[in-house]
Amino acid sequence: MGAAEDNVVASGNVHETHTDMKKGALLEIDATRDITTAEHDLGFWAAVKQYPTAVLWAMFFCIAVIMAGFDAQLVTSFYALPAFQQRFGKLYEGEWIITAPWQTGLGMGNPIGQVLGALACGWPLEKFGRRITLAVCCVWSIIFVFVQFFSTSIGMLCAGEILGGLAYGFYVVIAPTYASEICPLALRGVLTASVNLAFVIGQFIAQGCAAGLESRLDEWAYKAPFAIQWVWPVVLLIGLPFAPESPYWLVRKNRKEDARKSLLKLTSAKHRPDIDSVLIMIEQTDLLEQELESTTTYFDCFKGANWPRTEISIMVYLIQVIGGNPLIGYANFFFVQAGLNPSDAFNMGVGNTALGFVGTCLSWPLMSFFGRRTIYTSGMTFMTLLLFIIGFLDFGRSHSGAIWAQATLMDIWTFTYQMTVGPICFVIISEISSTRLRGRTIAITTAVQAMASIVFTVAMPYMLSSDQANWRGKAGFLFGGISLVCLAWCWFRIPESRGRTFEELDILFERKVPARKFKNYDLLAEHHHEVGGMESPVNV
């Protein structure tokens, strides 16, 4: 560790490091070669033994994402809730409905808040760290759940959704950032994919609440679910004082001794890894990124080698919205409009999210056998096909069998999505972004995804409402076409990041290695090609 520190002059500028880094020149792994090899060789269960508390704390931070999933699902579930319809809706052809404009207004609250929150979180995350920022957001959430709970008009409820959504923008950035920075390579995929599981758990709880209270006609049918939102921030506030801070953030703040203490808290005393080696790798990754980018602004995310990293992060997250998720998110409303009674619709909605939970859990073993690129593109292929089939089945919607077939295919789509695109998205954005710009990169991707959500939040009620376009299942054609274009992008642009340390990924992007060659590009073998002053490229 001392040798690594000797390479940094008093002014903080990096003149020479063990990794022989030259801006724009061939970058290589040298000082961290043995550490990188050890990271590659570390198996999943061995990593769990070494980092048991890191697993627990990554899961703990994901509780914040449960709130975001719960709120987004809850509001759309209310559109088919009789008590909510009668309190905030209007009569249309003898039935109570929430009109399309108000569906748009309510649905936009969460994503508008997420856009603003995500873009605002970059500075406090770097200034105050992950723990303090999350704690402040929890207090914010507690305050604005009061606004939602005591709403006396649909306008007041909209305001509560927007203001509460500001914190959700922070949550979705903090959780994957923290998980990726406290765990070793072997655990990175599972722990960052847990962010998606947290979303699904939130959606499942929201669907369960709505289904359980569907028969109630009083105000508690929708107030009780709002009250549940007070549970998550309270639990987080109790545990956060004991959570270790991100060692990567501490190293960037020149608090190396605190980073060491954090690593000690994150690892097992009985099966302790070499803390000095882990700390050196974190320092060397930071030194490399300092050489490549001297500042950490939002603008830097769009410069040089960071631009393709930002593009990939934005697209894999954006595909979650534009690739069909809005249609599935309206499952309860869609089922009712398709002819199912409210009871059957809510039961289908609960089953839909339960399948999502199972699918996300199955993504964990999948990541042990297949790469991120393979899982993501395979999922996109099958989901695109399902969307077109849903669209074609709508031509026979006068038959109950066609309606139930559409409902079943939506469940299969959800299962596939939550096993592939959903969780792998969070793995990719947590791995592809550089460590120094990770918070800001994920903030940008969250904001873009949320803005796309706003567009579809405006459009979906008009597509599906019986008093508007009344597309119903034909919306599958729209999302199927978009999904097909996205699939082509995935094939050419998503690199394989499985089994790569953050330092390796920095080097691969700086060398402009094509996305489809990431998997077989051997950085560790290069040392043998350069013995005796020879400098020969690695064949891929």
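1. The second largest cavity in this predicted model holds about 180 Å³ of space. Of the 18 residues that line the second largest cavity, E39, C183, P184, Y248 and M281 are the closest to its centre, and a reader can use these five names to find the place in the structure.

2. Several helices contribute to that lining, and the elements that give two or more residues to the second largest cavity are α9, α10 (185-212), α13 (247-252), α15 (275-292) and α25 (502-510). Among these, α15 supplies the largest share of the lining, with four residues. Sorted by class, the residues around the second largest cavity are twelve nonpolar, two polar and four charged. The structure as a whole holds four cavities of 30 Å³ or more.

3. What does the secondary structure of the chain come to? It comes to 26 helices and two strands. Of the contacts in the chain with a separation of 6 or more, 81% are accounted for by residues 24 or more positions apart.

4. Turning from the elements to burial, buried residues make up 60% of the 540 residues in the chain. The chain exposes about 20,500 Å², and carbon and sulfur atoms supply 64% of that area. In soluble globular proteins, nonpolar side chains tend to be buried together.

5. In this model, the largest nonpolar core has 140 residues, and the members that touch the most other members are F84, L134, Y171, V316 and Y376. Helix α9 (residues 154-182) gives the most to this core, with 14 residues, and α9 is also one of the elements that give two or more residues to the lining of the second largest cavity.

6. For a view of one core member, consider L134: leaving aside its neighbours within four places in sequence, L134 is in contact with F61, A64, Y171, I174, L236 and L240. One of these partners, Y171, is itself listed with L134 among the residues that touch the most other core members.

7. Is M419 buried or exposed? M419, which lies in helix α21 (residues 400-419), counts as buried because its relative accessibility is 18%, and the cut-off for buried is under 20%. The C-alpha atoms of M419 and C361 are separated by 7.4 Å, although the two residues are 58 residues apart along the chain. Not counting residues up to four places away in sequence, M419 touches G359, T360, L362, S363, L366 and I375.

How values were computed. Residues numbered from 1 in each chain as written. Predicted model: local features only at pLDDT ≥ 70, side-chain atom pairs only at ≥ 80, totals over all residues. Heavy atoms only, no water. Core = buried A, V, L, I, M, F, W, Y, C linked by side-chain atoms within 4.5 Å. Buried < 20%, exposed > 50% of the residue type's maximum accessible area, 1.4 Å probe, protein only. Contact = heavy atoms within 4.5 Å. Areas by Shrake-Rupley, 256 points an atom, 1.4 Å probe, with all protein chains shown as cover. 1 Å grid on protein atoms, 1.4 Å probe; cavity = no way out; pocket = protein on both sides within 12 Å on 5 of 7 lines; lining within 4 Å. Points joined across faces, edges and corners; volume = space filled by probe spheres on them. Nonpolar A, V, L, I, M, F, W, Y, C, P; charged D, E, K, R; others polar.
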